[in-house]
Amino acid sequence: MDIFFEVPKDVKITSPSTDKLYDVIIAGSGPAGMTASVYCSRKKLDTLLITKDVGGQVVWTSGIENYMGYQYITGRDLSEKFYQQIEQFPISLLKDVGPCHLEKLENKFAVNCGEKKYYSKSVIVATGKRNRELGVNGEKELLGRGVTYCSVCDAPLFKDKIVAIIGGGNSALTAAIDLISYASKIFIINILDNLQGDEVFLDKIKNSNKAEIILSSEVSKIKGTEKVEGITVKNRKTSQIREIELDGVFIEVGLMPNSEFANNLLNMNDQKEIVVDCNCKTSIDGIFACGDVTAVLDKQIIIACGEGAKAALSAYRYLLGIK
Amino acid sequence: MPLLDDKVKESVKTLLSVLTRNVKLIVFTQEKECSTCMDAIVLAEEMAALSGKISIEKYDFGIDKNKTDQFKIDKVPSFAIIGATDSSSSQWKDYGIKFSGIPAGYEFTSFLNAIKMVSLGNSELSQKTKDALKTINKPINIKIFVTLTCPYCPTAVMLANRFAFENDLISAEMIESAEFTDLAKKYNVYGVPKIVINENIQFEGALPEDLFLAKILSA
Ligand SMILES: Cc1cc2nc3c(=O)[nH]c(=O)nc-3n(C[C@H](O)[C@H](O)[C@H](O)COP(=O)(O)OP(=O)(O)OC[C@H]3O[C@@H](n4cnc5c(N)ncnc54)[C@H](O)[C@@H]3O)c2cc1C
């Protein structure tokens, strides 16, 4: 990766207040939440953006080739550009928060972040998705000791080491690409009979001569005491068991919605995604949702941005009605 | 070769325009067997050129024994950030904040914020945390292992620096894992941020203020 210098992100934005009633609180600042912020502030809504981090999944993405206007842009650069755009407007930002959750009160909403509560007339939920866990023995115990969900963060720690990537989609293949310049050998283990990721990624991986692809197989155990020492892999067709000694396990088996934020409040589908109508309205008046946390089928940056804009404009119309 | 491009320089200049008291970056390097030592000096010089409040001192790890001991430097490149305690800069204070390796990537944020905190004299921690930190009466050393591509890591580094700022017995050191591979190996760093407190407490992940504080109090 090219060397870059990240400058702090709270230069121009004002601090949040627990005393006032905001027009809208936006939870999450990935592509959906950041776009919604721009639209809300351009409508002169008093806006508070509450988030765990700035950028969302985009920051974990090495390179993006399908966001219009850029033939290629790194995830970090794109989220930087999004951020520069919200910085132009007078919004308040609360970042690095722990798990916050939404409460419905009489005539208003509260976002409860532990010690502090923030109040608003409407809410936009844009909390996105996070990595799904594999759910096998050893995964939790060895997290941070060889088990990881963040290939951009941890790839440099596996120089000359043997690693496995679990999964077969684009995230798994991107993780493999992040690891090519460090690891000595990379196993890619997928439960299905083929890899679903894009051909362009596969070519890069095959050309590295470092990868061994194991299909139709699942990891049944991650072994180690102080750190990862190996994995047990079972072929689903032949039931054959293979023990592999290695140092790192990168888990890339899909995503799950961060909808706990609105637990027990909103209608959700079986996958715990928030159900919205075509105007981003949820089952409760005044609460809107957009981006990966919703049941909208396709999860892409450009879609999350579009939905963020729609949610903001719907919130604006709702506020006009109650003002 | 310059490290910061014009756009970054412009943002840094704006960010540093709020500095009040003088800050000194003390850079420790050596000539041989240190591939990034030259970059460390370039970075310090570029920072000093962007703010009249920042000055630098350079020392050689092998030669300037006094300074190496004073700042407890055991690896290079390493930066200590010290601040003037009054507007006339008659007194300087070492808050125990160090960066070992080049604080580039996401760690540049931690580096800039440490400079800002030392100059403005405000850790921005909650009163509750400040009160709890006052009760600490034995030396606490916090090592934060990072990689430069880890977006979570600055949260941990900045918190540790804030703790160090509040209590003279606490010191905090960011360690770039890819630079100091032997140390990363010694401490079994397989995920970042990895935090080591006084050798006996170790954990991975960026904890919020209250939980990180609890770990320090239990050390
Ligand atoms: C490895 C990878 C590669 C990808 N590549 C591409 C690509 O090339 N092109 C493309 O179009 N898409 C790509 N995607 C998908 C794309 O990143 C997502 O569709 C998009 O980021 C969704 O945006 P979002 O704003 O809905 O959610 P997210 O990006 O998930 O952002 C959610 C935000 O909510 C915050 N948050 C979560 N919970 C809470 C809470 N309780 N309280 C407060 N804040 C909270 C998070 O900190 C974050 O800021 C990729 C995804 C991954 C993982």
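**Exercises on the ligand shell and a parallel sheet**

In this predicted model, 27 residues surround the ligand, the closest being A:Gln57, A:Asn66, A:Asp292, A:Gln300 and A:Ile301; a residue is near the ligand if one of its heavy atoms lies within 4 Å of it. Local features need pLDDT of at least 70 and side-chain atom pairs pLDDT 80 or more, while totals for chains, interfaces and linings use all residues. Side-chain values use heavy atoms, without hydrogens and water, and residues are numbered from 1 along each chain.

**Exercise 1.** Find which elements give two or more residues to the shell around the ligand.

*Solution.*
1. Start with backbone polar contacts (pairs of N or O atoms within 3.5 Å). A backbone N or O atom of A:Ala32 is 2.9 Å from a ligand oxygen atom, and one of A:Lys129 is 3.2 Å from a ligand oxygen atom. For A:Lys52, the partner is a ligand nitrogen atom at 3.3 Å.
2. The elements are strand E1 (21–29), helix H1 (31–42), strand E2 (47–54) and helix H6 (301–322) of chain A. Helices (H or I, at least four residues) and strands (E, at least two) are DSSP runs.
3. E2(A) gives the most, with 4 residues.

**Exercise 2.** Determine the strand order and the edges of the open sheet of 5 strands in chain A.

*Solution.*
1. The order is E10-E17-E11-E12-E13, with parallel pairing; two strands pair if DSSP finds at least two bridges between them.
2. E10 (147–148) and E13 (211–214) of chain A each pair on one side only, which makes them the edge strands.
3. Inside chain A, E11 (162–166) and E17 (248–251) pair over 4 bridges. A:Ile166 has A:Ile251 in E17(A) as its bridge partner.

Conventions. Chains are lettered from A and ligands numbered from 1 in the order in which they are written. A polar contact is a pair of N or O atoms within 3.5 Å; within protein, one must be able to donate a hydrogen and the other to accept it, and residues adjacent in sequence count only if both atoms are side-chain atoms.
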